[in-house]
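Colleague: I have just opened my first protein model and would like to learn how to read one. Could you walk me through it?

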Amino acid sequence: KNQTDIKVTRTILAGSWKKGTALRPRNEHPLDADLVFFLNVDEAAAEDVAGLNATLLEFLLKAYPNKKPEDFKAGEKTVNLVFRGTGLKVDLVPAVPLKKTPAYVWQPTTDPSPTLFITSVDGQLEFVAA
């Protein structure tokens with residue numbers, strides 16, 4: 001697929017904020033939210049963390065035309081965004097659904113080295129809710 005074919009098919013609030021397990025913000029640990037972006041890319045593309053982050057950044061710049069590329073920072077497995085007014089930090093997480101088991105996704109990370117791991121965002125949220 002070329003860049004114009006890649007789309008965000010779904011977003012979901014996840015992480016400790018959604019699970020109700022977030023700690024109160026402290027000086028060195030600000031409050032953050034995790035927002036997972038499900039991308040319709042081939043599973044092989046999931047290994048390209050920089051490419052996924054670039055795709056996500058391109059999508060976000062179109063969605064937030066008042067933002068600039070420097071407002072976003074690529075992290076180990078996310079694209080980070082901080083809202084200046086509130087200081088809220090949002091981790092934007094690219095995820096690639098598995099073809100054989102769509103309830104699971106590839107989630108890339110660059111730390112300690114480029115790696116993919118499989119997780120179920122919905123499964124985590126359902127487990128915590130139960």
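Colleague: Let me start with a detail of the pairing. Which residue in strand 5 does F38 stand opposite?

Modeller: F38 stands opposite A95 in strand 5. Before we go on, keep in mind that this is a predicted model. To place such a pair, it helps to have the outline of the chain: three helices and seven strands, which follow the pattern β-α-β-α-β-β-β-β-β-α along the sequence.

Colleague: How do strand 2 and strand 5 run, parallel or antiparallel?

Modeller: They run parallel, and seven bridges join them. Strand 2 covers residues 32–39 and strand 5 covers 89–97. Another residue that you can look up is D34, which stands opposite D91 in strand 5.

Colleague: Which other strands pair with these two?

Modeller: Take strand 2 to begin with. Strand 1, residues 8–14, is joined to strand 2 by six bridges, and these two run antiparallel. There, I12 has V36 of strand 2 as its bridge partner. On strand 5 you can find strand 4, residues 79–82, paired in the antiparallel sense over four bridges. In that pairing V82 stands opposite K89.

Colleague: How many residues of strand 5 are buried?

Modeller: Here a cut-off helps: a residue is called buried when its relative accessible area is under 20%. Seven of the nine residues of strand 5 are buried, so this strand is largely enclosed by the rest of the structure. Strand 2 is mostly covered as well, with seven of its eight residues buried. For the chain of 130 residues, 33% count as buried.

Colleague: And what about W17, which is found in helix 1? Why does it count as partly exposed?

Modeller: Partly exposed is the class between buried, under 20%, and exposed, over 50%. W17 counts as partly exposed because its relative accessibility is 39%. Compare that with G20, in the loop between helix 1 and strand 2: G20 counts as exposed because its value is 64%.

Colleague: How far apart in space are W17 and D34?

Modeller: The way to read this is to set the sequence beside the fold. W17 and D34 are 17 residues apart in sequence, and their C-alpha atoms are 7.5 Å apart in space. For G20 and A129 the separation is 109 residues in sequence and 9.3 Å from C-alpha to C-alpha.

Colleague: How do I read a pocket, and which residues lie nearest the centre of the largest pocket?

Modeller: The general idea is that rolling a probe the size of a water molecule over the atoms shows where empty space is left. In this model, the largest pocket holds about 210 Å³ of space. Its lining has 14 residues, and G15, D34, V36, V93 and Q107 lie nearest the centre. By class, the lining is made of four nonpolar, five polar and five charged residues.

Colleague: Which element gives the most to that lining?

Modeller: Strand 2 does, with three residues. Helix 1, strand 2, strand 5 and helix 3 each supply at least two residues of the lining.

Colleague: One last topic, the rings. What sits over the ring of F38?

Modeller: The charged end of R10 does, 4.7 Å from the centre of the F38 ring. As for rings paired with one another, a search of the whole structure finds zero aromatic pairs.

Technical notes
Residues are numbered from 1 along each chain as its sequence is written. This is a predicted model: local features need pLDDT of at least 70, side-chain atom pairs count only at pLDDT 80 or more; totals for chains, interfaces and linings use all residues. Side-chain values use heavy atoms; hydrogens and water are left out. Rings of Phe, Tyr and Trp (its six-membered ring) pair if their centres lie within 6.5 Å; planes under 30 degrees apart count as stacked, over 60 as edge-to-face and the rest as tilted. A charge sits over a ring if NZ of Lys or CZ of Arg is within 6 Å of the ring centre and within 35 degrees of the ring normal. Buried means under 20% relative accessible area, exposed over 50%, partly exposed in between (1.4 Å probe, protein chains only). On a 1 Å grid over the protein atoms alone, a cavity is a set of points where a 1.4 Å probe fits but cannot get out, and a pocket is an open set with protein on both sides within 12 Å along at least five of seven lines; lining residues have an atom within 4 Å of a point. Grid points are joined across faces, edges and corners, and a volume is the space filled by probe spheres set on the points. Ala, Val, Leu, Ile, Met, Phe, Trp, Tyr, Cys and Pro count as nonpolar, Asp, Glu, Lys and Arg as charged, and the others, Gly among them, as polar. Two strands pair if DSSP finds at least two bridges between them.
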